[in-house]
Amino acid sequence: PSIAVDPHNPNRVFAAVLGHAYGPNPERGLYRSTDGGRTWRKVLYRNENTGAVEVTFDPDNSQIVYASMWAAQRPPWSTGGPLLAPGSGLYKSTDGGDTWYQLKGGLPGWKDKAGRIGIGIAPSEPNRIYAWVQADAQAGGIYVSDDGGRNWKRVNHEQRIWGRPWDFACLRVDPQHPNVVYAANTSTYRSTDGGVRWTAIKGAPGGDDYHTIWINPKNPQIIALAADQGATISVHGGKTWS
């Protein structure tokens, strides 16, 4: 579900591997290649029920890597999302992926039925990290850290933003403004106050199921969205789309 290439070394790449969704399998986990993808080594593994679902670099330091682990299986008879299990969490490495530790400090745990976590790092302030956290209604929502993931606070709990996490969990931050953050769901939402209040900028009413957001790093007025139906692009900050 996610690949991250070192911006300073194109031969160094991480792949988040969920594994097949229908049962335990040891292929789940986070893999790293240092030879352009010819060979791979698993560098983060929890158990056969927990896969990696997202990986991203710190914008200023590619030795700092964040990875989201998701313990979930989708039984063939289910139409309401996967069955969760203990093991989900957000992890950080400061030595290029050799060692990892779990970020907690206010994030929900298994007692809160924590599941998938989406990651959004502010390029202009890399210590500002947003997390889209699947959990029960009392704990799920959008969380923010201003110290590189050590401490977190929930700033929004609306399920229109973080609901259906088995389909959606994409957060992206404006390259120039750390308080401007986007979330993709049945609509694409934007917050200009650090994740507290959100406005739908594409898809409401009648959403198209948006999954991925790309913001031009040199001109954040240019935004591309990947939806079930294809791609849609705005060249002036989401006022109109084509």
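**A buried strand residue and its surroundings**

Ala71 lies in strand 6, which covers residues 65–73. The model is a predicted one. With a relative accessible area of 0%, Ala71 is buried, because buried means under 20%. Leaving aside residues up to four places away in sequence, Ala71 touches Asn49 and Thr50. Leu83, Leu84, Ala85, Pro86, Gly87 and Ser88 are also among the residues that Ala71 touches. Gly230 is 159 residues from Ala71 in sequence, and the two C-alpha atoms are 29 Å apart in space.

Thr50, one of the residues touched by Ala71, lies in strand 5. Thr50 has 0% relative accessibility and therefore counts as buried. Beyond four places in sequence, the residues that Thr50 touches include Arg28, Gly29, Met69 and Trp70. Ala71, Pro86 and Gly87 are also on the list for Thr50. Pro86 and Gly87 thus appear in the contacts of Ala71 and in those of Thr50. Along the chain, Thr50 and Gly194 are 144 residues apart. Their C-alpha atoms are separated by 30 Å.

Strand 5 also holds one member of an aromatic pair. The count for the protein comes to 1 such pair. Its rings belong to Phe14 and Phe57, with centres 5.7 Å apart and planes at 75 degrees. Planes over 60 degrees apart count as edge-to-face, so the pair falls in that class. The pair links distant parts of the chain. Phe14 is in strand 2 (residues 13–17), whereas Phe57 is in strand 5 (residues 50–57). The two residues are 43 residues apart. Phe14 counts as buried, at 0% relative accessibility. Phe57 counts as buried too, at 10% relative accessibility.

Two loop residues have notable backbone angles. Most residues other than glycine have a negative phi. Lys113 is not a glycine, yet its phi is positive, near 60 degrees. Lys113 is found in the loop between strand 9 (101–103) and strand 10 (117–121). Its relative accessible area is 43%, so Lys113 is partly exposed. Arg164 also has a positive phi, of about 55 degrees, although it is not a glycine. The loop that holds Arg164 runs between helix 1 (159–162) and strand 14 (170–173). Arg164 counts as partly exposed, at 34% relative accessibility.

The whole chain gives the setting for these sites. The protein has 1 helix and 20 strands. For 242 residues, a compact globule would have a radius of gyration near 18 Å. The protein has 17 Å, which agrees with that value. Along the principal axes, the C-alpha trace spans about 45 × 45 × 35 Å. Of the 242 residues, 53% are buried. Contacts between residues at least 6 apart in sequence were also examined, and 44% of these join residues at least 24 apart.

The surface and the charges complete the description. The protein exposes about 11100 Å². Carbon and sulfur atoms supply 50% of this area. There are 25 positive and 21 negative side chains. The centres of the two sets lie 2 Å apart.

Key: Residues are numbered from 1 along each chain as its sequence is written. This is a predicted model: local features need pLDDT of at least 70, side-chain atom pairs count only at pLDDT 80 or more; totals for chains, interfaces and linings use all residues. Side-chain values use heavy atoms; hydrogens and water are left out. Helices (H or I, at least four residues) and strands (E, at least two) are DSSP runs, numbered from the N terminus. The radius of gyration is taken over C-alpha atoms; the globule rule is 2.2 Å times the number of residues to the power 0.38. Buried means under 20% relative accessible area, exposed over 50%, partly exposed in between (1.4 Å probe, protein chains only). Contact means heavy atoms within 4.5 Å. Accessible areas come from the Shrake-Rupley method with a 1.4 Å probe; for residues, only the protein chains shown count as cover. Lys and Arg count as positive and Asp and Glu as negative; His and the chain ends are not counted. The place of a charge is taken as NZ of Lys, CZ of Arg, CG of Asp or CD of Glu. Rings of Phe, Tyr and Trp (its six-membered ring) pair if their centres lie within 6.5 Å; planes under 30 degrees apart count as stacked, over 60 as edge-to-face and the rest as tilted.
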